[in-house]
Every structure is written in structure tokens, then in C-alpha cells.
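Open the model in your viewer and keep the selection panel at hand. The stops below go strand by strand.

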Amino acid sequence: MTSTTTYAIEAKGLVKRYGDKTALKGVDLAVPAGTVTAVLGPNGAGKTTAVRILTTLTKSDGGSATVGGFDVATQGTLVRRSIGLAAQDATVDGLLTGRENLRMLGELHHLGKAAAAQRADELLEDFSLTDAGDRLAKEYSGGMRRRLDLAATIVARPEVLFLDEPTTGLDPRARNELWAVLDSLVGRGTTLMLTTQYLEEAERLADDIVVIDHGKVIAQGDSRELKRRVGGDQLQVVVSDPAQLEHAAAILGRGANAEAQLDVGARLATVPTRSGVAALAAVSVALADAGIEVDDLGMRQPTLDEVFLTLTGAPADAPSINDELEEAAR
Amino acid sequence: MSATTATPATAKPADHGSRPVHDTWVIAKRGIKHMRRQPEALADATFQPIMFVLLFAYVFGGAIAVPGAEGDPGAYREFLMGGIFAQTLTFGVFGVAMSLAYDFNSGAMDRFRSLPIAKGSVLAGHAVANLIRAAIPVTLMSLTGLIVGWQPRGSVFDTIAAYALMFAFVFAMIWIGVLLASLVRTPEAVQGVAFVAIFPLTFVASTFVPTSTLPGVLKTIAEWNPISAVANALRELFNNPGMSDIPADAPWPLHHSVAYTLIWAVAITLVCAPLAIRAYQRSISD
């Protein structure tokens, strides 16, 4: 059982019941210090419940967990001193200004009044909120609220950050901005665990992805490993003239030694391949020789949506009974 | 700690110690800022008591006689003040209940609970903020009272005692408010309880009319109602009309209104505070 890896978050067999419904059915997690882990799953999979247990907001009914080396069940205060939590709805205080929000949290972290004020100014600057710092947070846009929420979370420079669906409800531009902020955070060595329903987000941000469904971990690994489980890379071609699609598909099929899938609407032909870039080169030459005009030609990995579909047998947005449980938990 | 724990505890930052008073005050300051920025939520402590004083003093007052001061139009206005003080202080229940319910529903409670702050400081911060809040209606009403002809006519000591008694009663009301918010959790439900339960209770009392004018059961309820107790105790301490001609066979509370108020304040606190803390702990623990 001895391990040379330092785990910032380690959970073994977490169980949580609400009444006679079981929200977590024995979840194991191990997040090495300084890495990013995404907990990926549909609504109600148990993601929020797991975060609430790890951040001491909820007690588990079974299993054990440590965060920053401290037991979440028996050393709550020490855990709370090491963590920052951004809950699912950005919990900034709308009746305080951005600056007041950050100062209050600094004071509650016992930084001292002057240091809390200085830290607030720093964070407003880092999160491009300096101009909005003295406006009430309820007047902020969704993206600004999230940034303030994130700033509030790291006031005391926590070692371990928990972000519960950090970009849910944000428009693509605000999401990109937030991702950039998260990149810089992780660059400073913070351990980060985030939950998400967005496969793209998990892939974009995380070193490790834990796929969770109906309260159980159903797969774990980096995104390449997960993708490998549902087949390798794919060759893809988009033709300019729909009439040439069949011909292109035949060339693709010969090149990869497999049957190509057609998407007529998108003028797209796709074929799985194990020979990678060599196949791409061969197909490229063959298409040119056949005089087929190509809009796009490339290698692509299966999306995590496809991974999820393969792993769970259901699309990632399938509803589950845990929806209501997690609602009720809040 | 289990043997598999990879990080040694000694590597962690030093324990800064628990600072309950500091944490409570930070949260109380936040509560006060909230009040300043939501003047509409202060209506029960500002506009409403003044309106009640003026309405009852000038609209209904002429039709209500105060025993022992019949024929004196100013007597009712002075009688009224103790009643509206009592009613307004009772509404203090809602100040704290609304601010807690707001926190339950805005996620603020989760934020606070994920911080290394002293246990109970969130609750204590709300309580302190609402004790301070209670000073608003007490001040405004005293000023309005002075304008309509009321004044403390007792000794300086009695006057100080009257104001102290108000805050003792508010303290008790705060615990009812915490209990209420922890049980019903939403601002809408808090308001529902306000209108169905507490609002009527402030009327079946000596708030606006002497209890001797009430019929049968209502009279008995009003005589023993803690809100009457506060109203009567204030009238007594301010030496205002209404407490001079109590019949010898009147129930004990009417003869000992100050003691009876204190008993209520202590009893409510002793019963409601533990229940409130337990309900609050339970409401945030899942």
C-alpha cells in the first residue's frame, strides 16, 4: 500500500446515500499533487456529491478520503485551510463589490486586514476585474462573476482547488477566458480537480480524466488512453463536390483497409486507421491522382462524446435518477 | 490518519488558531453592508413602525380609550408607543430569518463552510448584525414618538432599563428567527410564516388596545402573550398611560410585566437557541 506518489486528493470507496438512493457507490480517486484531474460525467452522476465530501461540506456514509494529507472526516479544519472551492453556482456575494468580496474572504482566512486588501487588489488585477472592482457583484456579467468566484477561491493560495462545473452556463468567449485563467493557475503548481459535463473541457484542461456515471467510476486515464479504448485514430476527408464523395470513400477505404463511413450532408467520409500518418500521405496522393477536389483532409481522434457513448452505452446527456438527488443535496 | 496518507501533516502551514470573535465580526460587517444596500428589506424596521405610529395615533386613536386616562387624547398616543415598540421588536425575527434564508439559497453558506473559520461564527455574525439592526427602528420610533407627544416619563434608570429590555427581547427573537430560517429555508416561506403566524400574534396583545377591552379567550391570550408583556413593561418603565389602573384580580403578568418579559426572553433563548443551532447544523450538513 505504500506509494511514492504524493497524492493531493485520495479517496477510497466513497459511498453516499440520500434516503434509500445511493448517489456514490464506492468511488476511488487519486490525484497526484500539482496535476489536473477532470471528473467527467452527465448531470446527476455524483460529481457534485464527491466534491462536497472532499471539501468537508457533506459527510460520506462509507469509505475514506484525504485532501492535502488530511482526513476529510476527522481533520475538517485542516482540510479547509488547504483547499479552495468554487461551487457550481458562482457563490459571489452580489450585495458586496468585487473588492469587498475578496477582502472579506481574505479576512476570514486570517490574512489580516492590510494583507487581505492587498491580496484583493492583486487578484482583481490578475483576473481583469480592476475596473469593476468597486461595482456590486450582482451587476457583473456571467463571465465576470465566474472570474470573481475563482479569484475568491484562491485568496489564501490553496494547495488544492476544487471547481464544480466552472464553465457551466458561460458563453464560448467567457469560457475561453476562464480556461486561460485556469491554465495560468495550474502553471503555478496548484492541484486542481474540476468537474465538468463538457468533454472538450476535460480534454482541454486535464492531465487525467475520471469518467463517472451513476455514482461509479467507469473509466480513468488521460484522454489518449480513454480514446484508445474505443478504437484508434480516424482518417477523414471532406470533398468539395458531393458527387465525388463515393469515389473518395472508396480511395479512403483502400488506403486504410477498412470500410469508410459516409456523412453525405457534410460531404464527409471517415475510416478508422492504425497506420497513422503513413495512411494519410498515401490517401492524399491517391485523391490527387483521382482528381478529387478536397476541402479538408486529416487525422482525427474519436471525441470524448464517442468515448462516453462506448463506455456507458448511453449518450453523455442521458438523464438519471441522481439528478434529483443532487438537486436535493443543495 | 491512515498509513497510506502520502503527505506528512508536519509539512502543512502552521495552525493559525481559531478566532471566533474576529470571524463573527467580519460576517456581521457583511450583514450590515447587506442591510445598507437593500433599503427595501429594512421596511419592517424603518417605514413600517413610523407608519403604524402615525396611523394608530391619528386614525384609530380617537376611538380607543385608555383606562385611567379617559378623555385625554394624548394618552393613547403615549400608550401606543410601547405597543409598537413591542410589535417592531417582534418583527426582528424576520430580519435574521430573511438574511439567513438568503444565504441558504445563494450558495453563500457553502462558501463559508469551505473556509477555515470558527464554528458558529456565521450564525453569530448574523445574530450580531441583527442586534445592531434593531437599533434602527428603536431610534426611529423614539424620534417619531417624541414628535407625536410621547416621552419617557420615568426615571433615567427606568428609561435605560426599558431600552435594555428591548435588546434582551430582540436577542430572544433572533433565536426564533434562526430556528425559523433553518426549518423553512426560503425567503418566501419566511414571509409566509410572518403573515400567517406572527403578524396576527402581535395584534392579539396589548399592542394597540388595552387587553381589558378584548372578549373572552382573546383577552386571556392577550394577557399572557409575551408581546403584551413587552408592551406593558415598556409602558411601565416609561411611565406611560395604561398600566396604572390594573385590577387587583388581573393575571400575574399584568402586575409583573417587566419580570414576565424577562422570563419570556430567557425562556425563549434557552429553548430556541439549542433547537435553532441544531436545526441550523442539520440544515447545512447535507
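Select strand 3 and strand 8 (residues 191–196) of chain A: the two run parallel, joined by 5 bridges. This is a predicted model. Zoom to A:L40; opposite this residue, in strand 8 of chain A, stands A:T196.

Now add strand 9 (residues 208–213) of chain A. Strand 3 of chain A pairs with strand 9 over 4 bridges, again in the parallel sense. A:L40 has a bridge partner here too: A:V211 of strand 9 of chain A.

Stay on strand 3 of chain A and show its side chains. In a regular strand, side chains alternate between the two faces of the sheet. Which residues of strand 3 of chain A are on one side, and which on the other? A:V36, A:A38 and A:L40 take one side, A:T37 and A:V39 the other, and all are buried. With 5 of its 5 residues buried, strand 3 (residues 36–40) of chain A is therefore largely enclosed by the rest of the structure.

Next stop: the open sheet. Select strands 2, 1, 4 and 5 of chain A; that is their order in the sheet, and the pairing is antiparallel. Strand 2 (21–32) and strand 5 (70–71) of chain A are the edges, each with a single partner strand, so one side of each has no neighbour in the sheet.

Move to strand 1 (residues 7–18) and strand 4 (residues 62–67) of chain A, an antiparallel pair with 5 bridges. Pick A:V15; its bridge partner in strand 4 of chain A is A:G62.

Finally, show helix 1 (residues 47–54) of chain A. Helix 1 packs on this sheet and touches strands 1, 2 and 4 of chain A. Its direction makes about 120 degrees with that of strand 1 of chain A.

Key
Residues are numbered from 1 along each chain as its sequence is written. Chains are lettered from A and ligands numbered from 1 in the order in which they are written. This is a predicted model: local features need pLDDT of at least 70, side-chain atom pairs count only at pLDDT 80 or more; totals for chains, interfaces and linings use all residues. Two strands pair if DSSP finds at least two bridges between them. Two residues are in contact if their C-beta atoms, placed from the backbone, lie within 7 Å. Axes are lines fitted to C-alpha atoms, for helices over the stretch in contact, and angles run from 0 to 180 degrees between N-to-C directions. A residue is buried if 20 or more other C-beta atoms lie within 10 Å of its own, exposed if 12 or fewer, and partly exposed in between; C-beta atoms are placed from the backbone.
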